[in-house]
Amino acid sequence: MAAAGAEPSSDPAAGARFFCTAGRGLEPFLMREVQARLEATQVEYISGKVFFTTRSDLPSMKKLKSAERLFLLIRKQLPIAVPSQSKGKILTELQRLINEDPGSWLKAISLWRKLLERDKKGEKVSQRDLNALKRKVGGNEIVIAKKLKLEEKQMVEESRGEGQRDRLPEESLEQGDALTKTDQLQEHGLQNDMVKAADTQNQDLTFRVSCRCSGNIGKAFPPQEAGRVVGIALMKKFGWKANLRNPHLEIFMHLNDAYSVLGIPLLRVPLANRTYIQTAGLRSTIAWAMASVAEIKAGALVLDPMCGLGTILVEAAKEWPDVYYMGADVSDSQLLGACDNVKAAGLEHKIDLLKVSVTECCVLVEPWSCCSVRITTGTLETVEATASP
């Protein structure tokens, strides 16, 4: 089955094919953004994904605000047919994803290495951020590690032909979702490890497969089983080693009734996870999209009359800094959370927060025409002000 998308070039300067995942309804925003920010060409989308070609480097692609995750595209093709009478045919089709065109895999690995080499001076997470992530991960790491060790052992045994199992473990192989919090902790430390891995031979690579199946193929072939079949095929074809806990390389595979997509995640932490958001509220990608609809111009005054935790204001101030922003809300807890986000983003001099009801808010006409509560340095301070005649 021929791939529908262009093969990745081994030279980033020549332009390569990528795709990003996006929240439902955000695909048009992401399409416009990759064209404006990355000068992308051949931009197209399917539900939840935007495909594009660009010559941009990895630091530039990290600046995307409406994307969830970023991938280097390996293959994009028509869906795998699901014959009702035989799983063997499905297994053969899954193996063909690797065996039919091994050259596209080698080109993708070469480009993946070059992108990582150019990004080895990437951002570093502060110790404070690392400690916060450790608290979030907590005891889940131990449980996840045990499950991954079991999965890895089973994959290696099957690849050596030690017998087929009729019963499959119940844990899902969708490790990309299961390990999101753990991967956040490891992102910047593992980035350097991945760069070092780029200097090794192909056979020294370790990998894992993250698989999602939906529609008819999801009913016929569970994600875990599909991921194991592809993993074994990769081990036999290229000599890579399975490592489900701390691999050099992750292969993402999404199979449904509309398409089959394979790619390499370029970042372990989703683009949507902003380091400057201390208290999570509205999804950052949605907040950015809402701010972009306002068509903010330099020198403007922007008011969010029900700002909540201030996510829209923070996203707007990061993207359009030459603007004065004000946020209003009646909830002390929401305003204190917004204050934490504003301070974490370093935007104290860009954003003012007021405690005032939207029904009484006349800030657009007279910014200080009512008694309000202003947030300063993490505390509530009453500000008395009267309107000028």
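## Strand β3 and its surroundings

A residue is called buried when its relative accessible area is under 20%, exposed when that area is over 50%, and partly exposed in between. By that criterion six of the six residues of β3 are buried in this predicted model, so the strand is largely enclosed by the rest of the structure. In a regular strand the side chains alternate between the two faces of the sheet. Both faces of β3 are covered, with Lys-49, Phe-51 and Thr-53 buried on one side, and Val-50, Phe-52 and Thr-54 buried on the other.

Strand β3 (residues 49-54) runs antiparallel to strand β2 (residues 41-46), to which four bridges join it. Within this pairing, Glu-44 stands opposite Phe-51, while Ile-46 has Lys-49 as its bridge partner. The two strands form a hairpin with two residues between them, and Gly-48, which lies in the turn, has a positive phi of about 85°. Strand β3 also pairs with strand β1 (residues 16-21), again in the antiparallel sense, over six bridges, and in this pairing Ala-16 is found opposite Thr-54.

## Overall composition

The protein contains 13 helices and 13 strands, and buried residues account for 49% of its 389 residues. When contacts between residues at least 6 apart in sequence are considered, 74% of them join residues at least 24 apart. The accessible surface of the protein amounts to about 18,600 Å², and 51% of that surface belongs to carbon and sulfur atoms.

## Nonpolar cores

In soluble globular proteins, nonpolar side chains tend to be buried together. Here the largest nonpolar core has 61 residues, and the members with the most contacts inside it are Phe-52, Leu-94 and Leu-234. Phe-52 is also one of the buried residues of β3, where Val-50 and Thr-54 lie on the same side of the strand.

For Leu-94, leaving aside neighbours within four places in sequence, the residues in contact are Ile-80, Phe-221, Ala-226, Val-229, Val-230 and Leu-255. Apart from the largest core lies another core, of 20 residues, whose members include Val-314, Tyr-325, Cys-339 and Ala-345.

## Salt bridges

Side chains of opposite charge can pair when their charged atoms come close. With a cut-off of 4 Å between a side-chain nitrogen of Lys or Arg and a carboxyl oxygen of Asp or Glu, the count comes to eleven salt bridges. One of them joins the side chains of Glu-319 and Arg-37, with an N to O distance of 3.0 Å. This pair links distant parts of the chain, since Glu-319 belongs to helix α12 (residues 311-319) and Arg-37 to helix α1 (residues 27-38), the two being 282 residues apart. Glu-319 is partly exposed, with a relative accessible area of 23%, and Arg-37 likewise counts as partly exposed, at 28%.

A salt bridge also forms between the side chains of Glu-44 and Lys-76, at 3.8 Å from N to O. It too links distant parts of the chain, with Glu-44 in strand β2 and Lys-76 in strand β4 (residues 69-77), 32 residues apart. The two partners fall into separate classes of burial: Glu-44, at 33% relative accessible area, is partly exposed, whereas Lys-76, at 14% relative accessibility, counts as buried because the limit for that class is 20%. Glu-44 therefore takes part both in the pairing with β3, opposite Phe-51, and in a salt bridge to β4, while remaining partly exposed.

Arg-96 forms a salt bridge with Glu-100, and the closest N and O atoms of this pair are 2.6 Å apart. Arg-96 is partly exposed at 31% relative accessibility, and Glu-100 is partly exposed at 36%. Both residues belong to a network of salt bridges that links Arg-75, Glu-93, Arg-96 and Glu-100.

## A nonpolar surface patch

Leu-282, Ile-286 and Met-290 together make a nonpolar surface patch of about 240 Å². Leu-282 is placed in the loop between β8 (260-265) and α11 (284-293). With a relative accessible area of 38%, Leu-282 is partly exposed, and because patches are made of residues with over 30% relative accessible area, this value is consistent with its place in the patch.

Definitions and conventions:
Residues are numbered from 1 along each chain as its sequence is written. This is a predicted model: local features need pLDDT of at least 70, side-chain atom pairs count only at pLDDT 80 or more; totals for chains, interfaces and linings use all residues. Side-chain values use heavy atoms; hydrogens and water are left out. Patches are made of residues with over 30% relative accessible area and no salt bridge: like charges are joined within 9 Å, nonpolar side chains (Val, Leu, Ile, Met, Phe, Trp, Tyr) within 5 Å. Accessible areas come from the Shrake-Rupley method with a 1.4 Å probe; for residues, only the protein chains shown count as cover. Buried means under 20% relative accessible area, exposed over 50%, partly exposed in between (1.4 Å probe, protein chains only). Two strands pair if DSSP finds at least two bridges between them. A nonpolar core is a set of buried Ala, Val, Leu, Ile, Met, Phe, Trp, Tyr and Cys residues joined through side-chain atoms within 4.5 Å. Contact means heavy atoms within 4.5 Å.
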